[in-house]
Amino acid sequence: MKIKKFLAVVLAVMTLALGGVFAACGNNKGEVTVYAPDGAPALALARLMSQEMTFGKEAVDYNIVDATTIQTYVSGESPQADIAVLPVNAAAKVLGDGSVYQMLGVVTHGNLYALGKADSVVLTENNIVSTLVAGTKIGILQLNNFVGWALRLVLDKYDIDYAVQTDPADYDETKVNLYEVTAAQIIPTADYDYMIAAEPAVSTKVSKTNGQLKVAGDLQALYGVDGYPQAVLVAKNTLIKNDAAFVKEFIAAVDDGADWLLDEDTTAKTICEAVMSGKPDGSSPTFTEDNLTKSVIENCSVFFESAADAKSEVKDFLAKLSAVSGMSFSVSDGFFYRG
């Protein structure tokens, strides 16, 4: 009897242990946590949040957070995010070895534009060299972060010499001068020939200045036809391994979400309510019903490109970012999802 009782206990323990293993392997149960920064990356998940997509899971918990905190959700020994959207440079810095997360694909391809005064020449690939002549002054939001680096990549592409100025009073008449500006300094009377910012701030500035400021250049078009990989979708390796079907369904839904955003039946209210549903802290979202037009959505370049298709592009872009930033951004082949 004692032996039988002992065996029963052993079997019970083994059953519990195996049940835990099977649950961890993804049996279409449990909750998946998803994090994305507010702004254009959040639009990539708007359809999924609006339609409360769970893909067979008990729940998918969507969280839209401040852009400055997104890295914290994929860092540490037990990162909170099962799936996340984050800037490609941040993904490379924190997750580039592919040991914990893999990149499923690129979801946004640039939302940066040049603002100019009413009489400013609109920058194109045909006139940028003749327009951005020595002595030109450009004000940039986040000069020493992604926005400033993206502009420098464009200037490098056209062999335009520039000087990064740390003091507003400094000026080099032999080069294009780059300065850090705040959102409040992007005004029609600013002492800059051009100013670089992101949507929806760009369209909002144009609207609120009654045409005294205008869109005077598309950095994505100046960089290349389809822009550059700006925000990427990543997933934990354990999720990819244990529930491949869920991951594939999630990717397909994100891919379809780009068309949903631009569908005439999808209103700004619907999109904004979806994003707000992921902001549990109640903070105001970047996009509102007043500033989220179809034109702004188009300017955010939200569309999905698979990891396999984007691999060479991402590696090339990160190498260029490393060169202009003085930082090291690199990823291993294991970083790219091959499902």
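This is a short tour of the structure, one selection at a time.

Before you click anything, note that this is a predicted model, where local features need pLDDT of at least 70, side-chain atom pairs count only at pLDDT 80 or more, and totals for chains, interfaces and linings use all residues. Residues are numbered from 1 along each chain as its sequence is written, and side-chain values use heavy atoms, with hydrogens and water left out.

**The whole chain**

Start with the protein chain in cartoon view. You should find 13 helices and 12 strands; helices (H or I, at least four residues) and strands (E, at least two) are DSSP runs, numbered from the N terminus. Along the principal axes, the C-alpha atoms fill a box of roughly 95 × 40 × 30 Å. Of the 339 residues, 50% are buried, with buried meaning under 20% relative accessible area, exposed over 50%, and partly exposed in between (1.4 Å probe, protein chains only).

Now colour by charge. There are 25 positive and 42 negative side chains, and the centres of the two sets lie 11 Å apart. Here Lys and Arg count as positive and Asp and Glu as negative, while His and the chain ends are not counted; each charge is placed at NZ of Lys, CZ of Arg, CG of Asp or CD of Glu.

**Strand 8 and its partners**

Select residues 176–180. That's strand 8, and four of its five residues are buried. What runs alongside? Strand 6 (residues 137–140) is parallel to strand 8 and joined to it by four bridges. Strand 7 (residues 162–164) also pairs with strand 8 in the parallel sense, over three bridges. Two strands count as paired if DSSP finds at least two bridges between them.

Click N177 in strand 8 to see both partners: K137 stands opposite N177, and A163 stands opposite N177 too.

**Helix 4**

Next, select residues 88–95. Helix 4 is largely enclosed by the rest of the structure, because six of its eight residues are buried. Show V88, N89, A90, A91, A92 and L95 as sticks to pick out the buried ones. Which elements cover them? Look for strand 3 (83–87), strand 4 (101–108), helix 6 (146–157), strand 11 (231–236) and helix 13 (307–325), which are among the covering elements.

**D38**

Jump to D38, in the loop between strand 1 (31–37) and helix 2 (40–43). Buried or exposed? D38 counts as buried, because its relative accessibility is 13%. Its side chain reaches the backbone nitrogen of T286 at 2.8 Å. Show the surroundings as sticks: beyond its neighbours within four places in sequence, D38 is in contact (heavy atoms within 4.5 Å) with I64, V65, V275, K279, S284, P285 and T286.

**Three backbone oddities**

First stop, F55, in the loop between helix 3 (46–50) and strand 2 (59–65). F55 isn't a glycine, yet its phi is positive, at about 55°. F55 is buried, with a relative accessible area of 15%.

Then go to N210, in the loop between helix 7 and strand 10 (213–218). N210 has a positive phi as well, near 50°, but N210 counts as exposed, at 72% relative accessibility.

Finish at P200, in the loop between strand 9 (194–198) and helix 7 (201–208). Zoom in on the peptide bond joining E199 and P200: that bond is cis, with omega about 5°.

Conventions: Polar contact = N/O pair within 3.5 Å; in protein donor to acceptor, adjacent residues only side chain to side chain.
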